[in-house]
Amino acid sequence: MYGVLISFKDYKGSLGIMGSPWADPWYKYFIKYFNSYQFVNTIKNTLIITGYSLLVSFPIPIIFALAINQMRTNKYKKAFQTISYMPHFISTVVIVGILNLIFSPGAGLIGQIFGLFGAEAPNLLGSPSAFKHLYVWSDVWQHVGWDSIIYIAALSSVDPNLYEAASIDGASQFQKILYVDIPMLIPTAMTLLILRCGGLMALGFEKVYLMQNDLNLLNSEVISTYVYKVGMISAQYSYSSAVNLFSTIINFILLISVNKFSRKVSENSLW
């Protein structure tokens with residue numbers, strides 16, 4: 001937290017944090033960001049990508065866990081789980097490299113397939129509108145197995161007597177999922193949802209930055225990449241710190257708000 005002071009100072013590396021003069025006014029760099037042409041663009045892109053990711057990648061691991069829980073043969077169940085976990089351990093650089101190998105319009109797999117029919121492949125990697133789809137769905141493929149672990153663990157603690165009672169009452173397999181499995185997952189799911197909502201402005205830097213190019217920059221410039229460019233490349237340390245602090249404050253407000261709403265609606269909350 002000590003380094004947050006940089007946001008309110010005209011920071012100079014030779015003087016250090018305490019030796020640097022205070023900005024006049026103290027909110028100078030926040031106003032600079034609010035008046036910047038990138039203010040609306042970076043916030044819009046960050047919220048669109050994180051919101052899209054939340055809508056897609058939050059329910060899919062739950063569905064995936066429910067599907068795995070229905071598998072009765074342990075041999076295939078373990079093999080399926082292991083295979084689904086493996087992409088999680090692939091580095092971000094390799095994932096982006098795979099995307100380039102598949103979607104490159106020239107030498108990529110898609111480009112080669114289109115070439116067989118004498119057609120020109122679309123440049124999805126350079127398309128601003130396609131950026132969010134490539135980012136989100138590649139993220140789902142990479143992490144769906146790993147994210148489902150906590151839900152599988154929650155389902156493993158379900159009392160078998162509940163299933164037996166449901167069977168005696170004539171419940172179908174789908175009704176068992178609907179009235180036994182899903183209610184058991186709701187507390188865990190709500191906790192993870194609150195945490196995810198509290199990080200809506202904190203979109204990961206590495207993957208976005210590696211997927212960026214001059215063609216898709218309009219829809220791929222997010223707060224984290226903007227902070228890196230103005231801070232590390234342009235050496236505007238106070239400005240980049242102020243932008244990042246603004247993002248953190250918004251995340252904190254979202255976390256408190258969603259937690260309060262969840263406590264009112266479902267009686268599930270972090271505190």
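In the predicted model, a side-chain oxygen of Asp159 lies within 3.0 Å of the backbone nitrogen of Asn161, at the start of helix H10 (residues 160-168). After H10 comes Gly170, which has a positive phi, near 85°.

The largest nonpolar core comprises 36 residues, and Ile62, Tyr135, Tyr151, Leu185 and Met211 make the most contacts inside it. At least two residues of this core are supplied by each of helix H3 (38-57), helix H4 (59-69), helix H6 (92-103), helix H8 (128-147), helix H9 (149-156), helix H11 (173-197) and helix H12 (205-211). H8 provides the largest share, 6 residues. Leaving aside residues up to four places away in sequence, Tyr151 touches Phe58, Pro61, Ile62 and Ala65, together with Leu185, Thr188, Ala189 and Leu192. Another core, of 17 residues, lies apart from the largest one; Tyr29, Val227, Val230 and Leu245 are among its members.

Helix H8 was examined further. For its 20 residues, a rise of 1.5 Å a residue gives an expected span of 28 Å, and the end C-alpha atoms are 28 Å apart, in agreement with that value. The helix nevertheless bends by about 40° at Trp141. Buried positions in H8 are Ala130, Phe131, Leu134, Tyr135, Val136, Ser138, Asp139, Val140, Gln142, Val144 and Gly145. Tyr135 thus appears both in this buried set and among the residues with the most contacts inside the largest core.

Side chains of opposite charge can pair when their charged atoms come close. The model contains 3 salt bridges. One of them joins Asp139 to Lys207, with the closest N and O atoms 3.4 Å apart. Because Asp139 belongs to helix H8 and Lys207 to helix H12, this pair ties together parts that are 68 residues apart in sequence. Both Asp139 and Lys207 are buried.

A salt bridge also links Lys28 and Asp10, whose closest N and O atoms are 3.3 Å apart. Lys28 lies in helix H2 (residues 28-34) and Asp10 in the segment before helix H1 (16-19), so the contact ties together parts that are 18 residues apart in sequence. The partners fall into separate exposure classes: Lys28 has a relative accessible area of 34% and is therefore partly exposed, whereas Asp10, at 18%, is buried because its value is under 20%. The side chains of Lys229 and Glu221 likewise meet in a salt bridge, with an N to O distance of 3.1 Å. Glu221 has a relative accessibility of 4% and so counts as buried.

Methods: Residues are numbered from 1 along each chain as its sequence is written. This is a predicted model: local features need pLDDT of at least 70, side-chain atom pairs count only at pLDDT 80 or more; totals for chains, interfaces and linings use all residues. Side-chain values use heavy atoms; hydrogens and water are left out. A nonpolar core is a set of buried Ala, Val, Leu, Ile, Met, Phe, Trp, Tyr and Cys residues joined through side-chain atoms within 4.5 Å. Buried means under 20% relative accessible area, exposed over 50%, partly exposed in between (1.4 Å probe, protein chains only). Helices (H or I, at least four residues) and strands (E, at least two) are DSSP runs, numbered from the N terminus. Contact means heavy atoms within 4.5 Å. The expected span of a helix is 1.5 Å times one less than its number of residues. The bend at a residue is the angle between axes fitted to the seven residues ending there and the seven starting there. A polar contact is a pair of N or O atoms within 3.5 Å; within protein, one must be able to donate a hydrogen and the other to accept it, and residues adjacent in sequence count only if both atoms are side-chain atoms. A salt bridge is a side-chain nitrogen of Lys or Arg within 4 Å of a carboxyl oxygen of Asp or Glu.
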